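Please read the following report beside the sequence and the 3D view, and follow each named element in the display as it comes up.

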Amino acid sequence: MSRKQILILLLVLLFASSALLSASVLKAGVAKVDITPPMGTKMWGYFDREAGASAILDPLFARVLVLEAGEERLALVTLDLGRTFGPRSLALLKEAVQKSTGIVHLLVVASHTHAGPVIQDEYAEETPAWERTALDRINSAISEAAKNAVDARLGVGYGSVYIGYNRRRVNPDGTVTMLWDNKTKLPTSPYDPTVSVLRVDTTAGKPLAILVNYACHAVIFGASNLRYSADFPGVVTRTLEKALDNQPLGFFLQGACGDINPYFATTPEEEDPVKHCQWTGELLGQEAARVASSIPTKGSPDSRLDINEELLSFKLRWNRARLRESVLKLIGPKAFENYAPSIQNDYQLPVTTLLINRQIAIMTVPGEPFVDFQVDWRNRCPVRDSFFLGYANGYFGYFPTIQAASEGGYGASDPVTWIEPGAGERMVDHAVVKVYELLGKLVDDPRE
């Protein structure tokens with residue numbers, strides 16, 4: 001071999017070594033912590049429920065998935081709560097997590113159970129003790145998950161199941177009728193039966209986490225219920241974990257369920273809501289387990305997390321004075337202090353777009369989006385696998401489509417919908433653009 005050939009070989013080996021050293025391995029860690037408040041805490045979800053919690057049907061948990069690739073680290077936290085914590089609490093949690101782990105990206109999502117505690121953006125007095133305790137426990141759980149993170153590989157699969165219906169019926173004359181339950185399982189539309197499943201394995205193939213993304217209000221327990229419960233999402237995770245020999249930690253990721261109810265919504269106590277909750281959660285959990293069991297996972301030679309977090313500006317939809325008057329009329333003065341939105345002329349809404357290994361995209365909305373947005377996102381996202389998360393990193397009420405906002409009905413044209421029409425469309429557009437940018441397909445330089 002000539003000196004020239006030896007030199008070329010050495011250069012090739014050098015570049016190959018550099019590439020191997022720069023390649024990132026995806027790491028993942030999980031943890032779970034009980035955040036159930038004490039008895040007597042006011043319960044969230046129904047304006048006419050004034051009594052506090054009197055029992056625990058099933059504990060409320062926070063589940064944590066930490067992902068790491070190269071310099072980027074993200075903590076995903078799912079909560080068995082009706083909504084996420086307010087801006088101040090989320091900021092304090094993010095500050096504590098960054099201090100304890102160095103993680104700067106925090107994605108907190110709620111399952112939207114109506115059998116959890118009241119949470120407010122701002123409290124008249126200090127933040128409740130149970131919430132401060134929950135934040136401390138979540139921070140510790142994130143630290144645990146980060147500390148125990150191992151090399152991981154991913155896979156995605158899809159199924160389909162019907163556990164609910166669209167609760168808005170647009171009549172031939174253009175009026176809207178709200179269908180608050182549907183025990184006969186009458187088909188309505190639009191509805192998205194898609195069960196999206198993300199499986200996270202160790203490199204040895206052992207399931208570490210199973211994430212289930214589905215759109216349906218967690219409201220099987222009605223206003224007469226005074227027991228804490230994760231509602232059907234809690235049954236989903238338990239069913240899923242049991243089916244996979246209790247190896248992985250199950251996560252439920254609520255989708256765009258703003259206009260979607262379970263068939264047995266708000267079941268009265270005398271009609272056995274526990275039975276209907278079990279049926280609903282097992283049906284979805286079994287389908288998720290079936291899909292998860294068939295997902296092949298694989299590693300990436302150059303794993304990466306691309307994350308975009310932005311605040312989008314929106315206007316108040318209504319006149320401030322008339323909105324306040326309408327809210328008081330709708331829910332009454334006693335519930336006003338627990339449920340009334342912070343009425344402002346302008347709002348900054350957090351929207352996160354996440355791209356994992358340039359193959360899996362996730363977008364978030366801080367409130368209750370209508371199901372059309374989930375379908376639109378999936379159809380337009382430039383990567384094959386996409387997840388849509390509602391109730392993420394904040395709560396700003398309902399986000400109807402522009403058409404639904406013009407038609408009316410609950411969640412479309414009443415006081416629980418206080419952000420301007422078109423907000424949902426803008427957030428989806430924003431996330432689609434960001435995925436193209438993160439893929440390098442949209443750049444900031446003019447080109448032919």
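In which hand, right-handed or left-handed, does H2 pass H3? In this predicted model, H2 passes H3 in a right-handed crossing. Helix H2 covers residues 87-101 and helix H3 covers residues 129-147, and their axes, which cross at roughly 35 degrees, come within 10 Å. On the side of H2 the contact is made by Ser89, Leu93, Ala96, Val97, Ser100 and Thr101, while H3 brings Glu131, Leu135, Ile138, Asn139, Ile142, Ser143 and Ala146. By character, the residues of this contact of H2 with H3 divide into seven nonpolar, five polar and one charged.

A second pair of packed helices is formed by H4, residues 231-243, and H5, residues 273-293, which meet at an angle of about 45 degrees with their axes 7 Å apart. Angles that are neither roughly parallel, roughly antiparallel nor roughly perpendicular count as oblique, and H4 and H5 are therefore oblique to each other. The crossing of H4 and H5 is right-handed. From H4 the contact draws on Asp231, Phe232, Val235, Val236, Thr239, Leu240 and Ala243, and from H5 on a list that includes Cys277, Gly281, Leu284 and Ala288. The residues of the contact of H4 with H5 fall into nine nonpolar, six polar and two charged.

The two pairs are set out below.

| Helix pair | Angle between axes | Distance between axes |
|---|---|---|
| H2 and H3 | roughly 35 degrees | within 10 Å |
| H4 and H5 | about 45 degrees | 7 Å |

Cys277, one of the H5 residues in the contact with H4, leads to the matter of disulfides. A disulfide is a covalent bond between the sulfur atoms of two cysteines. How many disulfides does a search of the whole structure find? The search finds zero, and for Cys277 the nearest cysteine sulfur, which belongs to Cys216, is 11 Å away. Since buried means under 20% relative accessible area, Cys277 counts as buried at 4% relative accessibility, and Cys381 counts as buried at 8%.

Some features of the backbone also deserve a look. Most residues other than glycine have a negative phi, and most peptide bonds are trans. The peptide bond from Ser189 to Pro190, however, is cis, with omega near -5 degrees, and Pro190 has its place in the loop between strand S9 (176-178) and strand S10 (194-202). Asn246, although it is not a glycine, has a positive phi of about 55 degrees; Asn246 lies in the loop between H4 and strand S13 (249-254), and at 57% relative accessibility Asn246 counts as exposed. Arg358, likewise not a glycine, has a positive phi of about 60 degrees and is found in the loop between strand S16 (346-356) and strand S17 (360-364). With a relative accessible area of 33%, Arg358 is partly exposed.

Finally, which residues is Ala51 in contact with, leaving aside its neighbours within four places in sequence? They are Met43 and Leu226. Ala51 itself sits in the loop between strand S1 (27-34) and strand S2 (55-56), where Ala51 is partly exposed with a relative accessible area of 39%. From Ala51 to Ala256 there are 205 residues in sequence, and in space the two lie 29 Å apart, C-alpha to C-alpha.

Key: Residues are numbered from 1 along each chain as its sequence is written. This is a predicted model: local features need pLDDT of at least 70, side-chain atom pairs count only at pLDDT 80 or more; totals for chains, interfaces and linings use all residues. Side-chain values use heavy atoms; hydrogens and water are left out. Axes are lines fitted to C-alpha atoms, for helices over the stretch in contact, and angles run from 0 to 180 degrees between N-to-C directions. Helices (H or I, at least four residues) and strands (E, at least two) are DSSP runs, numbered from the N terminus. Angles under 35 degrees count as roughly parallel, over 145 as roughly antiparallel, 65 to 115 as roughly perpendicular and the rest as oblique. A crossing is left-handed if the near helix is turned anticlockwise from the far one by less than a right angle, and right-handed if clockwise. Contact means heavy atoms within 4.5 Å. Ala, Val, Leu, Ile, Met, Phe, Trp, Tyr, Cys and Pro count as nonpolar, Asp, Glu, Lys and Arg as charged, and the others, Gly among them, as polar. A disulfide is a pair of cysteine sulfur atoms within 2.5 Å. Buried means under 20% relative accessible area, exposed over 50%, partly exposed in between (1.4 Å probe, protein chains only).
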